[in-house]
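Visitor: Could you walk me through the charged pairs in this structure, please?
Guide: Gladly, let's look together.

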Amino acid sequence: MSGQPPVQPPIIVLVRPQLGENIGKAARAMLNFGLTEMRLVSPRDGWPNPDAGPSASGADIVLEKAEVFETAADAVADCAHVYATTVRKRGVTKPVVTPAVAAQETSTVQGRTAILFGPERSGLETDDVALARKIITVPINPEFGSLNLAQAVILCAYEWSKQADGLASPTEADTGPPAPQAELDAMIAHLYALLEVRGYFFPEDRVPATKRNLRTLLTQAEWNSGQVKTVRGVLTALGKPPRN
């Protein structure tokens with residue numbers, strides 16, 4: 001036990017956002033990946049904004065907790081690690097990292113982290129970027145470097161979620177552990193027995209190769225126990241006489 005407090009998720013700071021709808025979409029993107037702390041810097045249409053709720057699609061907790069600040073400097077005053085998202089450096093020389101690298105860095109440091117996102121049309125101003133310790137950017141089509149606000153937020157939130165505990169992959173959570181080899185062998189033997197009765201294994205000299213091919217096919221997928229039981233049920237049904 002190190003005795004250090006747990007690392008806190010990053011704060012998403014929207015600097016002078018223009019549309020309530022986009023604030024709502026950003027909140028939805030945040031909550032999808034476990035982020036709940038939003039700060040707004042001088043939102044153009046004020047706050048709260050009636051257009052934000054419908055676009056948040058249920059991410060009300062993010063909007064309800066959102067704090068409003070007059071300047072970007074005020075919004076990040078309590079943060080030890082500040083990142084600015086921008087396609088261009090805008091005349092400020094700072095280290096440039098990807099969202100993935102930023103997520104790795106912020107998942108191991110103490111102190112609050114803030115990620116700044118600029119207005120929809122113009123992005124962050126030079127003075128806003130100057131507040132940051134590092135710049136976050138992504139490789140993007142040079143002929144079409146246009147990400148909307150929610151897209152930019154979701155890129156950073158997703159990368160953070162990969163570093164965070166408690167956000168399990170649905171594939172890992174839903175499929176269950178792989179089936180033991182004995183269960184696979186029993187399923188394959190069951191299939192062989194049904195095919196044998198139907199005269200599938202012919203000619204005789206090809207039987208070993210045919211069985212090997214079937215085994216290879218059936219062991220390519222990462223079967224779990226439930227899937228094996230389902231296939232065994234299908235095979236049992238196929239082995240019964242047809243109903244009248």
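Visitor: Is Glu 21 buried, partly exposed or exposed?
Guide: This is a predicted model, so the answer rests on computed values. Buried would need under 20% relative accessible area and exposed over 50%. Glu 21 has a relative accessible area of 35%, so Glu 21 is partly exposed.

Visitor: Which residue forms a salt bridge with Glu 21?
Guide: Look about one helical turn along helix α1 (residues 20-32), because the partner is four residues apart from Glu 21. At 36% relative accessibility, this partner counts as partly exposed. The closest N and O atoms are 3.2 Å apart, and the partner is Lys 25.

Visitor: How many residues apart in sequence are the parts that Glu 37 and Arg 112 tie together?
Guide: The two side chains meet in a salt bridge, at 3.0 Å from N to O. Glu 37 lies in the loop between α1 and β2 (38-41) and Arg 112 in strand β6 (residues 112-117), so the parts tied together are 75 residues apart.

Visitor: Which residue does Asp 78 meet in a salt bridge?
Guide: Asp 78 lies in the loop between α4 (72-75) and β4 (79-85), while the partner sits in strand β2, so the pair ties together parts 39 residues apart in sequence. The partner is buried, with a relative accessible area of 5%, whereas Asp 78 is partly exposed at 43%. The N to O distance is 2.8 Å, and the partner is Arg 39.

Visitor: Which residues are joined into one network?
Guide: Here the link comes from salt bridges that share partners. They join Glu 37, Arg 39, Glu 67, Asp 78 and Arg 112.

Notes. Residues numbered from 1 in each chain as written. Predicted model: local features only at pLDDT ≥ 70, side-chain atom pairs only at ≥ 80, totals over all residues. Heavy atoms only, no water. Salt bridge = Lys/Arg side-chain N within 4 Å of Asp/Glu carboxyl O. Helix = DSSP H or I, 4+ residues; strand = E, 2+ residues; numbered from the N terminus. Buried < 20%, exposed > 50% of the residue type's maximum accessible area, 1.4 Å probe, protein only.
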